[in-house]
Amino acid sequence: AVLKCVFTGVPLAAVADLDARADGELAVMLAGLADERHAAGRNMPADATDLLGRLTAGSGRPTATEA
């Protein structure tokens with residue numbers, strides 16, 4: 001559902017309890033979407049980029065915006 005929100009432009013603030021429910025699997029999926037969008041010359045919404053940054057902080061894996 002989170003990826004669908006990002007894809008369709010729905011603000012992630014609409015996702016109930018997102019911070020409590022976000023996990024490593026979501027981080028992997030968001031990173032993949034970020035990589036795809038970066039390759040297509042498109043940006044990620046700021047809220048999705050912020051969430052991805054929080055989820056990957058300290059993981060050592062660069063996000064699409066850092067690569």
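# Helix packing and the largest pocket

The buried residues of helix α4 are covered by elements that include α1, α2 and α3. Burial here is under 20% relative accessible area, exposure over 50%, and partly exposed residues fall in between (1.4 Å probe, protein chains only). Covering is judged by contact, with heavy atoms within 4.5 Å.

The model is a predicted one, in which local features need pLDDT of at least 70 and side-chain atom pairs count only at pLDDT 80 or more, while totals for chains, interfaces and linings use all residues. Residues are numbered from 1 along each chain as its sequence is written, and side-chain values use heavy atoms, with hydrogens and water left out.

## Chain and confidence

The chain has four helices and zero strands, in the order α-α-α-α from the N terminus. Helices (H or I, at least four residues) and strands (E, at least two) are DSSP runs, numbered from the N terminus. Of the 67 residues, 31% count as buried. Among contacts in the chain with a separation of 6 or more, 61% join residues 24 or more positions apart.

Mean pLDDT, the predictor's confidence in each residue on a scale from 0 to 100, is 88 for the chain, and 85% of the residues reach 70 or more. Over residues 62-67 pLDDT stays under 50, and the model has six contacts beyond four places in sequence for this stretch.

## Helix α4

Helix α4 spans residues 46-56, and A48, L51, L52 and T56 are buried within this helix. Viewed down the axis of α4, these buried residues fall within an arc of 120°, so they line one face of the helix. The arc is taken over the directions from the helix axis to the C-beta atoms.

## The largest pocket

The largest pocket holds about 150 Å³ of space. The elements that contribute two or more residues to the lining of the largest pocket are α1, α2 and α3 (24-39). The lining consists of A1, V2, L3, V15, L18, R21, A22, L26 and M29. By class, the lining has eight nonpolar residues, no polar residues and one charged residue. A pocket is an open set of points on a 1 Å grid over the protein atoms alone, where a 1.4 Å probe fits, with protein on both sides within 12 Å along at least five of seven lines; lining residues have an atom within 4 Å of a point.

## Individual residues

The table gives location and burial for four residues.

| Residue | Location | Relative accessibility | Class |
|---|---|---|---|
| V15 | loop between α1 (2-8) and α2 (18-21) | 16% | buried |
| D17 | loop between α1 and α2 | 57% | exposed |
| R21 | helix α2 | 56% | exposed |
| R37 | helix α3 | 14% | buried |

V15 is one of the residues that line the largest pocket. Not counting residues up to four places away in sequence, V15 touches V2, C5 and R21. The C-alpha atoms of V15 and A1 are separated by 8.4 Å, at 14 residues apart along the chain.

R21 is another of the lining residues. Leaving aside neighbours within four places in sequence, R21 is in contact with V15 and A16.

D17 has a positive phi of about 55° although this residue is not a glycine. D17 counts as exposed because its relative accessibility is 57%.

R37 counts as buried because its relative accessible area is 14%. With residues up to four places away in sequence not counted, R37 touches V6, R42, N43 and M44. R37 and F7 are 30 residues apart in sequence, and their C-alpha atoms are 9.9 Å apart in space.

How values were computed
Grid points are joined across faces, edges and corners, and a volume is the space filled by probe spheres set on the points. Ala, Val, Leu, Ile, Met, Phe, Trp, Tyr, Cys and Pro count as nonpolar, Asp, Glu, Lys and Arg as charged, and the others, Gly among them, as polar.
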